[in-house]
Amino acid sequence: MTKNLRITNNKFIDQTSRISFKFDGKILYGFKGDTLASALLANNIHLVGRSFKYHRPRGIMACGSEEPNAIVQVGKDASMTEPNTRATEIELYEGLEASSQNCWPSVNFDVGAINNFFSPIIPAAFYYKTFMWPANFWKLYEYFIRKSAGLGKSPTKPDKDIYDHRYLHCDVLVVGGGISGIMAAKTAAKNNLNTVLIDDKNILGGTTIFQQNECFKINNSYSNDWLKKEIDTLNSFKNLTIKTRTSLAAYHSYNYLLAKENLTDHLDLNEKKDKIRQRLWKIRAKKVIISTGAIERPLIFNNNDRPGIILSSSIKKYIDFYGVKCGQKISLFTNNDSAYETAISLNSSGVSVNSVVDIRDKTNSLIVKQAEKLGIKIHWKSTIVNTNGYKKINAIEIMKLSDDGTAVVGKKINEKCDCLGISGGWTPRVHLFTQSGGKLKFRDKDNVFVPDKSELDQISIGSCNGDFELDEVIKNTVNLINKFLKVNNSAYENLEIISSKEIDKKNIWLLPSDKPLGKTKPFLDFQNDSTAIDVKLALREGFKSIEHVKRYTTTGMATDQGKLSNMHALGIIAETAGVKMGELGTTTFRPPYTPLTFGAIVGRNVGEFFDITRKTPMHDWHVENKAEFENVGQWKRAWYYPIENENMYEAVQRESKAARDSAGILDASTLGKIDIQGTDASEFLNRVYTNAWSKLEIGKCRYGLMLNEDGMVYDDGVTTRLSENHYLMTTTTGGAANVLSKLEDYLQTEWPELDVYLTSVTDHYGTISICGPNSKKIISKVIPDLDLSDKEFPHMSYKNALIDNIKCRIMRISFTGEHSYEINIQSSYAKSVWEKCFEAGKDFNITPYGTETMHLLRAEKGFIIAGQDTDGTMTPVDLQMDWIISKKKYDFIGKRSLYRSDTIREDRKQLVGLLTDDPKEILEEGAQIVAETNKQPVEMLGHVTSSYFSPNLNKSIALAVIKNGKKLKGQKMFVPMKNKTINVTITDTVFLDKENKRLNA
Amino acid sequence: MFLINCPYCGERDQSEFTAGGEAHIVRPKQPTELSDDQWAEFLFMRKNIKGVQLERWNHSHGCRKWFNMVRDTSNDRIHAVYKMGQKPPIE
């Protein structure tokens, strides 16, 4: 630590606890309470990074979230390293390791800096313009551009830290703990409102807490002392929650806000362990008070980006709050009074101020007079035309401004300095206000956008509302808060306030230089390296909208979202284009206000908690029996059960053969099950399915097809009539939730007169499907007293039965075309019954099969899978399922759409079977089908929807949708693949057992 | 993120709800008697107003009830919620 850069009398930094940290590999020291930025400055390190485009040396410029330059990489661990963090926001802790970004091989010697010499030929949108041709070279260009443009390195391993989410409800949320925020929070709390005060810093009080100046006094105390006392009284309120290190990220409609609380980022490495790192607060506030303060503007002049050029108010904070001198010979450059506060602070801490360069003609405000009294030299009506020093500023060139401010006149004065404070006035932090939908208005007198209208119950107070002077802040805060909270609080009403008032104002968005504009580098966006020249170029090239200029020049598009100099960009655009700033408007401020970590956004929803996993009651059995699983929606379904080294194809071939030769067992628990009851249940089914239901006998099952109102197939499944007014509907696995919602919708909104109740019972029952010629024998072993004769228990019927005294429903239904049964049993018993069935089936080589075999078996029978063979454009007629459309019913969902002019077209895509000429050739699902091979371009007639090698038929089979397919049966078609063309023939969709003999085998 | 006053449950976060499009589009009682154009009017045509709009909402992660909402799409202000079958509380 360079000792002479620290001052000793400081209230905020504990100079007894020394902390060691590393920056770019070098061990340095700071104190508890420092930020990385203040500690670096105390070590006389200004150069911390290279700029994005030109790789110019850049230094710390600010002291908070608005910092554009001091962007560093924190940590080295592959799972914990964090890029793009602002050194001004990192609290120093023992063991901190940080490094510069965007430079190679080092920040002091950066190869990319060659760009700076080429900068005249790298104008705005250089990349867009240069790398346009030839178009297919972009891939190559992109590789190099991305490589050279990278900002920081992302971690390569999963984050080990813990993050958290919490909800917070309050009457009043105060965002920002500066003087107005403190007054607001106290007033709210005093009036028994449940109040929350958040601030992104570790200490409350904003900038007033270190404002110890004769020109700013409250009730005869320095404003910092007065505020300190106010803050101390806050602890007595039980209904006031204070959260420091908490930054508001987003302000959404209906006063819903997101805030990120840093819990361990400031702790020493060994204290961080096993603690929650950051918490995202989801806040719903009845009323919101925004007191986020203002950001000091830089000034736009030639070479205004050198390390050592710092916002004047930040220099003040570094000296008054952190006790750090940003330099030994500091010059200041301003267009307003606030730089004089800095000058006085520096002076009283023993730092010599070379001079203040002020663009104004002269002014006599209280604070300026005080500065003059202290002997501080002022260059009135002057500007800085250039700065010198490559890696650190070492001199400034001062010239007099012409009367109209557009040029410089007279002799150039050279002034040596090691730091330059700049102040271009103040920009209210209106970001959150506009995020919430608030509209801004432009105030001409000092060129600021201030909050105007809002739809929400909220208010902006203090400098974010455009009040920059102490007496105004206090007076207006009191009035606004009392009105907003509908309270009468006199505690702040008769304060005696001394406040210097700014008398003269002058603003020049782009300061002139003695060189022509094209030969200068007046930076606007320090992080994205865009200059005033770029903005002017964009205007010349025809960009008029501020949103377009922003994107073309990338001004304001860096991680700081242009917090510092968006206003200058607007000013220069307005001036150049000759429009009023109020009419030009601003770009949109979007959340997050400051970057959020992914960890904070995701919270606890990582790993197994990322998404819900649904498991069937028999899941453990499948795991024990080495099943491979497939995700179907949130369900884990057994996909196939490989034996030894079988691959999927081999396993599926074996399972499929076994199921048809003897017996197979499938876990069908995931199918959606909806319990339907009520006196109008039959009528309801008539309306939602295409076929008729009134005459379905009790104890019988029926397959149903459900359409959307547009006539397209939506879902299908078997529904069983359990009693007169009681049905059990099954849906597809993936469609269960949507079907229930859709049915509820119709019941509640279109047919409220129907007496029908729907209950989802998907999770209540496990479903065991046993199929194959020996299935009957297995069921008779499991339930000996059940009459399984075709007469008593025919296909498409159901029986109640007991298995080990447990009630179950047995449906004789089949999705494979085999004689088969489905046992529905309470979930908690499903695994034991499954095991019982498996045991009973061992004599018959019962083979567990998964979803893949199920798909193969049904494809052999030409049964569709809604969602695989249909895609929301298939009518039942397209599926060749005309038989399921009731001609008698007056209406059902989708009926009218079945004879719209488009749905009755005969050349629609229709479902057909496909056989490959070579029976061993298996088509790819999704492959396109054409009628000709030697034509280009050729019409795509359709595509393959399902394709398998059938072990039972010993040939490849496929289902496909083809234009006009019904009429093309027997026709030859072609499936062109990458390196061959497969010859196919269109067939019927049923490949196996067309007479359905196996159902009763 | 809206705060929606479900007519059955009270104020709840928007994440509990699903929007269901324009309200008061009644399914025709005699679809078969409609021309293609008339049916298409019911099936496809929606207003998508900038301004005050009547909408269907479902408290899908709550009571599962459908209800209607009067919402200004230009500023997201919810003027009223009312039950299915009731008349909108504004003109």
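A crossing of two packed helices is called right-handed if the near helix is turned clockwise from the far one by less than a right angle, and left-handed if the turn is anticlockwise. In this predicted model, the crossing of helices α5(A) and α12(A) is right-handed, and the report returns to that pair after an outline of chain A.

**Chain A in outline**

Chain A holds 24 helices and 50 strands, and its C-alpha atoms fill a box of roughly 115 × 70 × 55 Å along the principal axes. Of its 1001 residues, 49% count as buried. When contacts between residues at least 6 apart in sequence are considered, 67% of them join residues at least 24 apart.

**Two helix pairs**

Two packed helices are described by the angle between their axes and the distance between the axes. The table sets out these values for two pairs in chain A.

| Helix pair | Residues | Angle | Axis distance |
|---|---|---|---|
| α5(A) and α12(A) | 179-190 and 470-485 | about 35° | 10 Å |
| α13(A) and α15(A) | 532-540 and 566-577 | about 40° | 10 Å |

In the pair whose crossing was named at the start, Ile179(A), Ser180(A), Met183(A), Ala184(A), Thr187(A) and Ala188(A) of α5(A) meet Val473(A), Thr477(A), Ile481(A) and Leu485(A) of α12(A). Sorted by class, this contact comprises seven nonpolar and three polar residues, with no charged ones.

Helix α13(A) likewise passes α15(A) in a right-handed crossing. The angle of about 40° lies outside the ranges that count as roughly parallel, roughly antiparallel or roughly perpendicular, and α13(A) and α15(A) are therefore oblique to each other. On the α13(A) side the contact is made by Ala532(A), Val535(A), Lys536(A) and Leu539(A), which meet Ala569(A), Ile572(A), Ile573(A), Thr576(A) and Ala577(A) in α15(A). By class, the contact has seven nonpolar residues, one polar and one charged.

**A parallel sheet and the helix packed on it**

Strands of a sheet pair through backbone hydrogen bonds, either parallel or antiparallel. Chain A has an open sheet of five strands with parallel pairing, in the order β17-β24-β18-β19-β20. Strands β17 (309-311) and β20 (378-379) of chain A stand at its edges with a single partner strand each, so one side of each is left without a neighbour in the sheet. Helix α9 (residues 338-348) of chain A packs on this sheet, where it touches β18 (329-334), β19 (352-358) and β24 of chain A, and its direction makes about 170° with that of β19(A). At one edge, β17(A) pairs with β24(A) (residues 419-423) in the parallel sense over three bridges, and Ile309(A) stands opposite Leu420(A) in β24(A).

**An antiparallel sheet of three strands**

A further open sheet of chain A has three strands in the order β21-β22-β23, with antiparallel pairing. Here β21 and β23 (408-416) of chain A are at the edges, each with a single partner strand, so one side of each lacks a neighbour in the sheet. The twist averages 25° from one strand to the next.

Strand β21(A) pairs with β22(A) (residues 395-401) over six bridges in the antiparallel sense, with Asn388(A) opposite Ala395(A). These two strands form a hairpin with six residues between them, and Gly389(A) in the turn has a positive phi of about 105°. On the other side of the sheet order, β22(A) and β23(A) also pair in the antiparallel sense over six bridges, and Ile396(A) stands opposite Glu415(A) in β23(A). Six of the seven residues of β21(A) (382-388) are buried, so this strand is largely enclosed by the rest of the structure.

**A largely enclosed helix**

Helix α24(A) (residues 851-860) has nine of its 10 residues buried, so it too is largely enclosed by the rest of the structure. Its buried residues include Thr851(A), Met854(A), Leu857(A) and, among the charged kinds, Glu852(A), Arg858(A) and Glu860(A). The elements that cover them include β32 (628-632), β33 (635-640), α19 (648-661), β34 (664-667), β47 (942-950) and β48 (955-963) of chain A. Just after the helix, Gly862(A) takes a positive phi of about 75°.

**Where chain A meets chain B**

Between the chains, 23 residues of chain A are in contact with 19 residues of chain B. On the side of chain A that touches chain B, helix α21(A) (residues 736-750) supplies the largest share, six residues. By class, the residues of that side divide into four nonpolar, eight polar and 11 charged.

How values were computed: Residues numbered from 1 in each chain as written. Chains lettered and ligands numbered in written order. Predicted model: local features only at pLDDT ≥ 70, side-chain atom pairs only at ≥ 80, totals over all residues. Buried ≥ 20, exposed ≤ 12 C-beta atoms within 10 Å, placed from the backbone. Helix = DSSP H or I, 4+ residues; strand = E, 2+ residues; numbered from the N terminus. Pairing = 2+ DSSP bridges. Contact = placed C-beta atoms within 7 Å. Axes fitted to C-alpha atoms, helices over the stretch in contact; angles between N-to-C directions. Parallel < 35°, antiparallel > 145°, perpendicular 65-115°, else oblique.
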